Amino acid sequence: MNFIKIYLFDTLSGKKELVEKPKGRPLRFFICGPTVYDYSHIGHGRTYVAFDALGKYLRSTGLEVFYLQNITNIDDKIIRRAEEEKTDFKTVAKKFTQAHLRDMKSLGVTAVNKYALATDYIPEIIKQVQKLIQKKHAYVIEKDGIYFDVTTFKDYGKLSRRTTLQAEDGISRIDESVGKRNKADFALWKFSKYEEKRMENERTLKINNEKPSWPSPFGLGRPGWHIEDTAISEKFFGPQYEIHGGAVDLKFPHHEAEIAQQESASGKKPFVKIWLHTGFLTTQGEKMSKSLRNFITIDDFLKNFSAQVFRLLVLSSHYRSPIDYVQKIGNENQAKWMGILEFLAKLKLIIAKTGGEGIGRRNFEEFQAKFSESLADDFNTPKAFGALFTLMAFVNPRIWKATKSEAKELYASVSTALKSLGFKIGFPEIPRKIEVLLKEREELRRNQQFTQSDRLRKKINDLGFGIEDTPLGPFVWPLR
């Protein structure tokens, strides 16, 4: 397969950048994963489905992609949750890690090659902190921790377009400490403030109240939030790689901190060639978040809609745009997905039978070109789906005139396009009872007993299925 030119909007440069095909290795693709202190909500699902679709699309063009995602399983929020539940941080992190991975599987998020748990990379984290200390980018606050000095990195703020002063004034997830040199400085390593208690046969240490702690050359403690990502990405990708992404709220301070850490530690720029950020998923105009308790869990969403409907909901908006979710949007995308499946099911019927005189292929070719061009231009999925719905609007009124070869070509083209974005095509099952009634109705129609056949049509309708009488026989489909 020939590699096509793909452009993605880089947050750092503020323009679309060419995705360059690496020589002799996969394209390296890192996405920030969740902090596992609660169940994942559909805001998380929006980000991970969007990047799952992007990863699958890139692979569909012939690119080899290694998709790495971290999971933050050590953090203040996890520790607080453990204290609230009177348990230890490992129990909380394991519970919600498993729940998150189940949710991702339910959503069809399968593009990730490796999920990396932060606590599995403590040696790599310690090594990177040591390097930052040696290069005088970090300093020690006694009985507190090791902090990155943002004034030692002159480019701090370049991703979020903030000066160091603006960064200090920003309200976000920045470590608090009265001993910091600058308000924007952030923790690389947090010293343990509790009496340590060694546990046999364990690589790590446990302390009072199950507070997490690991030994290091600079003292017993645990990693800060930002350092895990760069330590993990350097372990797998080296100090520089192609694409890094996450939700827009991670741009500052998290991704800003990552750039400062990695470029300071390695001395190489740029840390990442392309930075990608997904827009918020809000509800009634307010950011969906665990802290606000205004979220809809992925599990709850999937009780009402399928994973394919959620994927369509996500990809109907541009990945960088916000989505304001209300129940109506779920219903609208349910109808759109059923419309796509109905279109494909009709093509399957034509393929199984004998088609008509033909409708022409020009529109098929236009769809393929526009779908491909849209995705190659900053992964513009709404524009790509616009091309699909334009095709359907042309074909649907004349679909029963399509030849068998046209139907085959159309089915292959549309299904391949959908699969490149991670959709799974599955048609609704027609119950045996409906099939029996349908057969009876056809027999009545053959005998010209139309009053009785109309009664059966109504009975089938009442059971939730509609009938379209076509030149190829009856087409049955669930009523919306």
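## Contacts and overall build

Contact here means heavy atoms within 4.5 Å. By that yardstick, 77% of the contacts between residues at least 6 apart in sequence join residues at least 24 apart in the protein chain.

This is a predicted model, and its secondary structure comes to 15 helices and 19 strands. The C-alpha atoms fill a box of roughly 95 × 50 × 40 Å along the principal axes. Of the 480 residues, 55% are buried. The chain exposes about 22200 Å², with carbon and sulfur atoms supplying 49% of that area.

## How far to trust it

The average pLDDT for the chain is 92, and 93% of the residues score at least 70. Residues 195-210 are a weak spot, with pLDDT below 50, though the model still gives this stretch 31 contacts beyond near neighbours in sequence. Where pLDDT is low, the predicted coordinates should not be read in detail.

## Nonpolar cores

The largest nonpolar core has 79 residues, and Phe29 and Phe379 have the most contacts inside it. Helix H10 (residues 327-352) is the top contributor to this core, giving 10 residues. Beyond its neighbours within four places in sequence, Phe379 touches residues including Tyr7, Leu8, Ala50, Leu315, His318 and Leu421.

Apart from that core lies another one of 51 residues, with Ile74, Val92, Ala93 and Trp275 among them.

## A buried acid

Asp103 sits in helix H3 (residues 89-106). Is there a partner for its charge, and which side chain of opposite charge is nearest? Asp103 is buried with no salt bridge, and the nearest candidate, Arg102, is 6.1 Å away. Setting aside residues up to four places away in sequence, Asp103 touches Ser40, Ile298 and Asp299.

Definitions and conventions: Residues numbered from 1 in each chain as written. Predicted model: local features only at pLDDT ≥ 70, side-chain atom pairs only at ≥ 80, totals over all residues. Heavy atoms only, no water. Helix = DSSP H or I, 4+ residues; strand = E, 2+ residues; numbered from the N terminus. Buried < 20%, exposed > 50% of the residue type's maximum accessible area, 1.4 Å probe, protein only. Lys, Arg positive; Asp, Glu negative; His and termini not counted. Salt bridge = Lys/Arg side-chain N within 4 Å of Asp/Glu carboxyl O. pLDDT = per-residue confidence, 0-100. Core = buried A, V, L, I, M, F, W, Y, C linked by side-chain atoms within 4.5 Å. Areas by Shrake-Rupley, 256 points an atom, 1.4 Å probe, with all protein chains shown as cover.
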